[in-house]
Amino acid sequence: MNQKKSINIAEAACLAGVAASTVRLWEKQGLITPDRSEKGHRRYDADQLTRLKRIASLRRDSRINIAAIREKLEVGGASPKAAKPRDATDATPEMTKLEQLEDENARLKRRVATLERKVSAVREILDVEESSPEAGTPGEASNAISE
């Protein structure tokens, strides 16, 4: 039996420098179509891994959207396993500008929530340090040093 060496989605995502969920999203968007194992697990061969790395590079370095990536891949000689989503209900061929903005808005809201949690944690730490009797005030510390 002559099978090509293939890797699972976690390994492919790691090698491409992205999360597995990102690879699944790119699949839904029609940028990549992995092979499937008998049990339905995604499998990526060397050509598909090269394509994933190219997509990741375009997103990270060129900061271009999915539609532009799709165009670049098609112009650059897309591989035959490239741009067919699994089924039409599962994928959108191209995100509209509104969908892109909504996607970016959701991402930014998640980022703000994360930053707010971090700021809150830092404030709690500062409140604990200020209320601690052995902490003293900054003025007391500088006076002790100068004496």
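Below, a colleague asks a modeller about a predicted model of one chain.

Colleague: How many helices and strands are in the chain?
Modeller: From the N terminus on, the elements run α-α-β-β-α-α-α-α. The chain therefore has runs of both kinds, helices being runs of at least four residues and strands of at least two. The count is six helices and two strands.

Colleague: Which helix gives the most to the largest nonpolar core?
Modeller: This core has 19 residues, and Trp26 and Leu52 are among those with the most contacts inside it. Helices α1 (9-16), α2 (20-28), α3 (46-62) and α4 (66-75) each supply at least two residues. With five residues, the one that gives the most is α3.

Colleague: Is Glu27 buried or exposed?
Modeller: Buried means under 20% relative accessible area. Glu27 has 4% relative accessibility, so Glu27 counts as buried.

Colleague: Which residues are linked with Glu27 in a network of salt bridges?
Modeller: Side chains of opposite charge can pair when their charged atoms come close. Arg42 forms a salt bridge with Glu27, with the closest N and O atoms 2.5 Å apart. Arg42 lies in strand β2 and Glu27 in helix α2, so this pair ties together parts that are 15 residues apart in sequence. A salt bridge with Glu27 at 2.9 Å is also formed by Arg36, so the residues linked with Glu27 are Arg36 and Arg42.

Colleague: What separates Arg107 and Glu104 along helix α5?
Modeller: These two form a salt bridge, the closest N and O atoms being 2.7 Å apart. Because Arg107 and Glu104 are three residues apart in helix α5 (residues 97-131), the separation is about one helical turn.

Definitions and conventions: Residues are numbered from 1 along each chain as its sequence is written. This is a predicted model: local features need pLDDT of at least 70, side-chain atom pairs count only at pLDDT 80 or more; totals for chains, interfaces and linings use all residues. Side-chain values use heavy atoms; hydrogens and water are left out. A nonpolar core is a set of buried Ala, Val, Leu, Ile, Met, Phe, Trp, Tyr and Cys residues joined through side-chain atoms within 4.5 Å. Buried means under 20% relative accessible area, exposed over 50%, partly exposed in between (1.4 Å probe, protein chains only). A salt bridge is a side-chain nitrogen of Lys or Arg within 4 Å of a carboxyl oxygen of Asp or Glu.
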